[in-house]
Amino acid sequence: MKLLVCHLLFLGFICLGRSQDDSENVRRIMKEMEVIPEILDEPPRELLRIKYDNTFDIEEGKSYTPTELKFQPRLDWNADPESFYTVVMICPDAPNRDNPMYRSWLHWLVVNIPGLDIMKGQPISEYFGPLPPKDSGVQRYLLLVYQQSDKLDFDEKKIELSNADGHSNFDVKKFAQKYEMGSPVAGNIFQSRWDEYVPELMKTLYGVSE
């Protein structure tokens with residue numbers, strides 16, 4: 001019995017240590033990548049775990065190709081199964097980091113997510129991956145999770161993927177304030193630059209190659 005108790009305590013310390021490391025990592029990366037203060041006032045409480053194509057995990061701050069990020073990822077955070085959440089993905093660097101006149105470009109928005117079950121949430125904007133213009137350099141992509149007070153009635157209508165105006169100049173801070181969601185409970189950030197998949201995605205979404 002004593003051995004079992006010691007083992008459980010050991011596992012508890014490991015989990016606590018990992019949680020503290022994640023919290024420190026997310027705070028560090030959000031400051032290093034200048035998300036704070038450009039986009040958020042406070043960092044997310046924990047590091048959002050992101051897995052693309054069920055094959056690789058996103059490492060915070062690292063760069064990936066649009067080809068690698070074309071499909072909706074799987075997300076994991078310390079969710080309360082009885083609570084509802086909002087997931088949002090934005091690019092604050094549209095069309096480029098030196099002149100972000102479309103800050104922020106909305107890539108994904110799902111609300112009223114019960115626990116971790118994103119498929120049961122209410123999509124306002126379906127997922128589409130990074131589409132950095134050619135010669136725009138590296139762009140940042142920010143994924144955030146907000147905890148809602150309850151299942152909410154959202155004013156926003158569903159945004160069609162082909163509606164570029166509906167995706168530009170999305171203010172995530174104002175959106176969170178509007179629905180009193182506070183600071184994000186989880187978040188992560190990665191980078192991407194143009195590759196040969198971007199013209200294909202642009203043609204699918206907007207009917208243009210670039």
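This text walks through a predicted model, from its nonpolar cores to helix H5, the largest pocket and some unusual backbone positions.

The largest nonpolar core is a convenient place to start. It has 32 residues, and Leu75, Val87, Trp108, Leu143 and Phe190 are those with the most contacts inside it. Two or more residues of this core come from each of strand E2 (49-52), strand E6 (84-91), E7, E9, strand E10 (186-192) and H5. H5 gives the largest share, 5 residues. A second core, separate from this one, has 28 residues, including Val26, Leu40, Val88 and Met181. As a general background, nonpolar side chains tend to be buried together in soluble globular proteins.

Val87 shows what the surroundings of one such core residue look like. With neighbours within four places in sequence left aside, Val87 is in contact with Leu75, Trp77 and Trp108, with Leu109, Val110, Ile113 and Ile118, and with Leu143, Leu144 and Val145.

Helix H5 spans residues 197-206. Which of its residues are buried? They are Tyr197, Val198, Leu201, Met202 and Leu205. These residues lie on the same side of H5, because they cover an arc of only 135° around the axis. The general geometry of an α-helix is relevant here: with 3.6 residues a turn, residues three or four places apart point the same way. On the face of H5 turned away from the buried side are Lys203 and Thr204, which are exposed. Just after H5 comes Gly207, with a positive phi of about 75°.

H5 also takes part in the largest pocket, where it gives the most to the lining, with 3 residues. The volume of this pocket is about 270 Å³. Its lining consists of 16 residues, and those nearest the pocket centre are Pro95, Trp105, Leu131, Pro133 and Met202. At least two lining residues each are supplied by strand E7 (105-114), strand E9 (139-147) and H5. What is the make-up of the lining by class? There are 13 nonpolar residues, 2 polar and 1 charged. Met202 thus appears twice in this account: it is buried in H5, and it is among the residues nearest the centre of the largest pocket.

Pro95, another residue nearest the pocket centre, has a backbone feature of its own. The peptide bond from Ala94 to Pro95 is cis, and its omega is near 0°. Pro95 is placed in the loop between E6 and E7. Another cis peptide bond joins Ile36 and Pro37, with omega about 10°. Pro37 is in helix H2, which runs over residues 35-38.

The remaining backbone points concern positive phi values in residues other than glycine. Glu34 is not a glycine, yet has a positive phi of about 60°. It sits in the loop between helix H1 (2-32) and H2. Is Glu34 buried, partly exposed or exposed? Its relative accessible area is 39%, so Glu34 counts as partly exposed. Asn169 likewise is not a glycine and has a positive phi, near 55°. The position of Asn169 is in the loop between helix H3 (164-167) and helix H4 (172-178). Asn169 is partly exposed, because its relative accessibility is 43%.

Technical notes: Residues are numbered from 1 along each chain as its sequence is written. This is a predicted model: local features need pLDDT of at least 70, side-chain atom pairs count only at pLDDT 80 or more; totals for chains, interfaces and linings use all residues. Side-chain values use heavy atoms; hydrogens and water are left out. On a 1 Å grid over the protein atoms alone, a cavity is a set of points where a 1.4 Å probe fits but cannot get out, and a pocket is an open set with protein on both sides within 12 Å along at least five of seven lines; lining residues have an atom within 4 Å of a point. Grid points are joined across faces, edges and corners, and a volume is the space filled by probe spheres set on the points. Helices (H or I, at least four residues) and strands (E, at least two) are DSSP runs, numbered from the N terminus. Ala, Val, Leu, Ile, Met, Phe, Trp, Tyr, Cys and Pro count as nonpolar, Asp, Glu, Lys and Arg as charged, and the others, Gly among them, as polar. Buried means under 20% relative accessible area, exposed over 50%, partly exposed in between (1.4 Å probe, protein chains only). The arc is that of the directions from the helix axis to the C-beta atoms. A nonpolar core is a set of buried Ala, Val, Leu, Ile, Met, Phe, Trp, Tyr and Cys residues joined through side-chain atoms within 4.5 Å. Contact means heavy atoms within 4.5 Å.
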